[in-house]
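Student: Could you take me through one part of this structure up close? I'd like to pick a single helix and see how it sits in its surroundings.

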Amino acid sequence: MSLRKYLKVYKKFLHTSLASELEYKTNILLDLITAILSLIGSIFLLSIFFQNNGYIGGWKFEQALIIQGIYTILNGITNTWFNPNLTEIVKHIREGTLDFVLLKPMDSQFYISLKKINPSGFLEIMLGFFLLFFCIRINQINLNLSFLTLSLITISCSICILYSLWFFISTTTIWFVKTWNAIEVLRSLLYIGRFPLNSFSFSLRIFFSVFIPIAFITAIPSEVFLGLSQLWKILLEVIVATIFLMTSRKFWLFALKFYSSASS
Amino acid sequence: MGQNIIDVKNLSKSFDISSKEPGLKGTIKHFFRRQTKSLKVIKDISFEIKEGEIVGFLGANGAGKTTILKMLCGLIYPSEGSILVSGHLPFRRKENFLKNITLIMGQKQQLIWDLPPIESFYLNASIYDLDKFEAKKRIKKLSEMLEIDEELFIPVRKLSLGQRMKSELLAALIHEPNILFLDEPTLGLDINAQRNLRKFLQKYNKETNATICLTSHYMKDITSLCKRVICVHEGAISYDGKLNLLLKRLSPVKEILIVCRSEKDATKLESSGFTVKNKIKNEITIKIENNSITSSLKTILNNFDIEDLFINEPPIDEIIGKVLIKKDYDI
């Protein structure tokens with residue numbers, strides 16, 4: 001299947017999942033309210049932390065807001081794409097409906113990763129960007145081509161890392177059948193990404209950089225925004241994202257060999 | 001009948017199955033130290049299916065019918081042996097192979113629950129690379145064959161099981177596959193819905209010469225659709241051949257109820273050498289072997305004064321039931 005065909009199918013995915021979601025208007029409205037309240041709550045929590053001396057881990061409140069902005073965008077992406085699709089993998093495997101996915105003449109990873117969208121997550125993405133633009137103003141960040149390119153690269157890499165981690169955990173369902181808890185742990189760890197990495201102890205920083213690369217997800221894009229990032233860190237994030245993406249792909253293909261389908 | 005489209009040789013499949021003892025102690029033991037054992041669910045089976053054939057897979061629950069179907073369509077990797085379907089190794093799931101087959105499961109659905117079936121049809125059409133015009137043409141043709149119309153525009157969650165199954169079939173056939181794998185397609189349907197589905201499958205097979213592999217616990221599905229059956233018993237094939245031969249083999253005699261004009265005629269018939277099951281006044285029930293039915297009836301009609309007679313076929317479910325518990329049938 002060519003790229004054009006995949007785009008055509010994705011257009012259909014968008015159409016059907018939007019139509020499905022719009023069947024339940026109240027649910028969408030509640031999701032939108034939750035997204036706004038969640039952002040307000042997070043900023044309020046952050047402001048409390050900064051009340052004492054105005055600095056955490058060497059970051060000012062205005063700078064930490066950038067991390068919150070990036071976190072909100074990533075959380076929006078999580079709620080728009082990852083949550084509705086990747087949690088569905090567990091259901092597909094438990095109920096055996098993965099059979100239908102695997103028998104479609106298209107890439108199964110594409111199908112299960114993008115079939116659904118949750119439109120209320122779009123608001124979070126928009127709020128995140130709004131917060132980032134606000135931060136650019138208050139931190140007097142100079143908008144230029146290299147800044148925009150590096151921001152785009154690092155945020156894209158963060159999305160890839162987050163997706164790969166989530167997809168990796170969901171894939172293990174093929175052996176363990178239920179992995180809801182592991183996904184919840186990942187989501188909880190992601191909350192940590194709302195705070196500057198320097199605010200944690202050395203051992204935790206190592207843990208969040210090496211074992212579970214939450215640090216890469218929000219810290220490096222934020223450093224790019226503030227002009228604090230070093231080139232090696234950006235390169236490292238690109239390498240980590242590529243390795244994660246490739247590994248999750250290979251792991252999926254490997255795991256499918258062990259798929260036994262649910263009994264009828 | 002064409003050439004072989006499915007070729008299975010020495011196919012086996014083993015699964016690791018964990019077992020748990022009952023009670024709290026068993027649960028705790030199972031949590032910390034799970035004991036698994038390898039269970040061979042398919043044991044060295046071989047068969048061939050020709051293009052255009054409709055083959056029924058018969059067997060008790062857990063005999064391995066669905067596992068065979070899933071290996072044939074490439075969902076499950078075989079442990080040993082080889083499978084060739086339409087010239088492809090199914091488990092590689094190549095695009096050309098997947099465009100040629102479909103799997104319909106009576107107890108699972110692929111339609112989008114909150115939307116009308118038509119939305120799922122167009123989604124599948126785009127996945128199978130059909131343009132809008134072609135998709136529309138096929139949906140029209142198949143919906144006419146399946147006799148569904150308004151249902152296409154009603155959310156799936158509001159459709160009856162029969163309407164949903166018809167829509168599932170349409171969604172699964174929009175790409176006009178050559179090989180259909182049907183796993184209990186009439187499960188839960190009422191008698192009319194079952195009959196309509198069978199009529200549709202017969203028509204589809206006739207019009208497209210598609211090969212159909214079917215499992216069902218409803219004997220009517222098997223008898224009205226399949227000339228050939230493969231009986232699976234504990235993962236091994238116990239019979240592979242024509243259904244009517246199997247029925248003859250399993251039920252070699254027919255019971256004939258003869259109503260004589262008088263009790264005297266009935267008594268005369270009773271002492272004429274036929275195997276008599278019972279006699280009540282002028283009614284007598286005799287057993288005749290299938291291969292001598294015509295000649296025996298000729299003799300009876302020529303030599304006795306007969307008012308009426310009834311040939312009783314043994315219930316098919318009863319006959320097939322024997323297959324499900326027996327290991328081998330050499331016919």
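Tutor: Sure, let's set the scene with chain B, whose secondary structure comes to 12 helices and 13 strands. Here helices (H or I, at least four residues) and strands (E, at least two) are DSSP runs, numbered from the N terminus. Keep in mind that this is a predicted model, where local features need pLDDT of at least 70, side-chain atom pairs count only at pLDDT 80 or more, and totals for chains, interfaces and linings use all residues. Residues are numbered from 1 along each chain as its sequence is written, while chains are lettered from A and ligands numbered from 1 in the order in which they are written.

Our helix is α5 of chain B, residues 132-146. Start with its length: the expected span is 1.5 Å times one less than the number of residues, so the 15 residues of α5(B) should span 21 Å, and the end C-alpha atoms are indeed 21 Å apart.

Now, which residues of α5(B) are buried? They are I139(B), L142(B) and L146(B). Buried means that 20 or more other C-beta atoms lie within 10 Å of a residue's own, exposed means 12 or fewer, and partly exposed is in between, with C-beta atoms placed from the backbone. Those three buried residues cover an arc of only 80° around the axis, which puts them on the same side of α5(B). The arc is that of the directions from the helix axis to the C-beta atoms. Here's the background: an α-helix has 3.6 residues a turn, so residues three or four places apart point the same way.

Turn to the face of α5(B) pointing away from that buried side, and you'll find the exposed residues F133(B), K137(B), K140(B) and E144(B). As for the buried residues, what covers them includes α4, α6 (161-173) and α7 (191-208) of chain B. Right after the helix, E147(B) takes a positive phi of about 55°.

One of those covering helices, α4(B), also leads us to the other chain. The contact takes 28 residues from chain B and 22 residues from chain A, where two residues are in contact if their C-beta atoms, placed from the backbone, lie within 7 Å. On chain B's side, α2 (65-72), α3 (95-98), β5 (101-105) and α4 (117-127) each supply at least two residues. The largest share, five residues, comes from α4(B).

Helix α3 of chain B also holds F97(B), which counts as buried because it has 21 C-beta neighbours inside 10 Å. Leaving aside neighbours within four places in sequence, F97(B) is in contact with G74(B), S86(B), H88(B) and P90(B).

For contrast with our helix, look at strand β11 (residues 275-280) of chain B, which is hardly covered: the count of buried residues among its six residues is zero. Five bridges join β11(B) to β12(B) (residues 283-289), and the two strands run antiparallel; strands pair if DSSP finds at least two bridges between them. In that pairing, T275(B) stands opposite K287(B). Two residues lie between the strands of this hairpin, where K281(B) takes a positive phi near 50°.

Finally, step back to the whole chain: buried residues make up 36% of the 331 residues in chain B.
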